[in-house]
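Welcome, and thanks for taking a look at this protein with us. Please have the sequence and the model open as you read.

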Amino acid sequence: DISDASLGGSNPPTAALQILVSDIDKHVIAFGTNPIGSSILDPLFIRFSDQGSLTDWTPTATNTAGGVRINSGSLIVGAVQTRQEILVFTDESLHSMRFVGGPFVFDFSTLSTDVSMVSPRAAINARGSVYFMDEGGFNVYNGSVQPLPCSVKDYVFSNLNVGQSYKVFAAENSAYSEVTWYYPIGTGDTEITNYVTYNYEENLWSVGTLDRGAWFDSGMGDSPIATGVDTDTAATYNYLYSHETGFDADGSAMTAYVESGDLELADGEVFTFIKRIIPDFNFSGSSGDASLDITLKGSDFPLESSSTLSTSTITNSSTQAFVRTRSRNSVVRIESTGSGYGWRLGDLRLDMRQDGKR
């Protein structure tokens, strides 16, 4: 508590929505805090201590303590530190906070008036760019705000539990160039069960289910660590999970799969015939026993659920798999259920051609 008298504090904040230390200029900064002389929290007010001091918050002519009120929105949702500035998100705008020295100490400028964050932890600084989840989409800031085209946006936001959206948090897996948002779905008091991942090197999106509550990216070459909850019939256990380590789930076989969206040759009435699969996989671990299944599913109408058309088992020695499927839309699912090995997908090729119309 920085307001504790034992610290000898000079007018420190008594409450704040968020506190961080500016790495560049060594100021302690309180976002959404009470102004000097007031005990009431102002959700748009920012205060900063004297440079290099935790306890001196009283502005004078000889120090750099001070305060500024953001001029748009109704509250500060969160702040993210970058290499040269701090990004401040209100519920309807984004602002830049840059250290400029005396007499103003920090310079504030408005970057955008039509974006925000869905939660205080919905932004992450990844390799010099800040990726953040808004109330209706995804954006990136790298000098200017740009929307991220997202192929799974409707899926994510149609399932997001808006009433619990402040539980959303962003995480980076730098070893794989990925930014992930973990989020709750449904209605009521639900916890995080789902994720959406963006690979910023390959510009690819993926979705899945995973209950995580916090994430620490250990950096290139190290294993990320995350928290989660495991529930059985007797009790609920809190766990620390070591990600990207080994091939199994705590000694048990782990089902791993990727599934595509609908594949089609052309819009409208054209059907697709697939007769051959040329796999491209890299197995690791106990690769002598490694295998996976490639399942082709299909549907003939827009609102029809996909059904399984063929399944082919692929091993280390597989060169090709012959199939016969015909559908308007095709889906490829790749799945493994064994233990002791992992796999990576390369350039999977399908021998496919147009096969008439509906």
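How much space lies in the second largest pocket? The volume is about 270 Å³, in what is a predicted model.

## The second largest pocket

Let us begin with the walls. Four strands, β1 (16-21), β5 (76-81), β9 (123-126) and β13 (169-173), each contribute at least two residues to the lining of this pocket. Among the lining residues are Gln18, Leu20, Val80, Gln81, Ile124 and Glu172. Pro120, Arg121 and Asn125 also belong to the lining.

By character, the lining residues comprise seven nonpolar, three polar and two charged.

## From β1 to β2 and β3

Strand β1 runs antiparallel to β2, and five bridges join them. Here alanine 16 sits opposite threonine 33 of β2. The hairpin these strands form has six residues between them, and lysine 26 takes a positive phi near 60 degrees there.

Strand β2 (residues 28-33) is mostly covered, with six of its six residues buried. It is also joined to β3 (residues 45-48) by three bridges, again in the antiparallel sense. Within this pairing, isoleucine 29 has phenylalanine 48 in β3 as its bridge partner.

## An open sheet of four strands

Further along the chain, you will find an open sheet with the strand order β20-β26-β23-β24 and antiparallel pairing. Its edges are β20 (256-259) and β24 (307-315), each of which pairs on one side only. On average, neighbouring strands of this sheet are turned by 20 degrees against each other, direction ignored.

Eight bridges link β23 (residues 291-299) with β24 in the antiparallel sense. Aspartate 293 stands opposite threonine 313 in β24.

Note on methods:
Residues numbered from 1 in each chain as written. Predicted model: local features only at pLDDT ≥ 70, side-chain atom pairs only at ≥ 80, totals over all residues. Heavy atoms only, no water. 1 Å grid on protein atoms, 1.4 Å probe; cavity = no way out; pocket = protein on both sides within 12 Å on 5 of 7 lines; lining within 4 Å. Points joined across faces, edges and corners; volume = space filled by probe spheres on them. Nonpolar A, V, L, I, M, F, W, Y, C, P; charged D, E, K, R; others polar. Pairing = 2+ DSSP bridges. Axes fitted to C-alpha atoms, helices over the stretch in contact; angles between N-to-C directions. Buried < 20%, exposed > 50% of the residue type's maximum accessible area, 1.4 Å probe, protein only.
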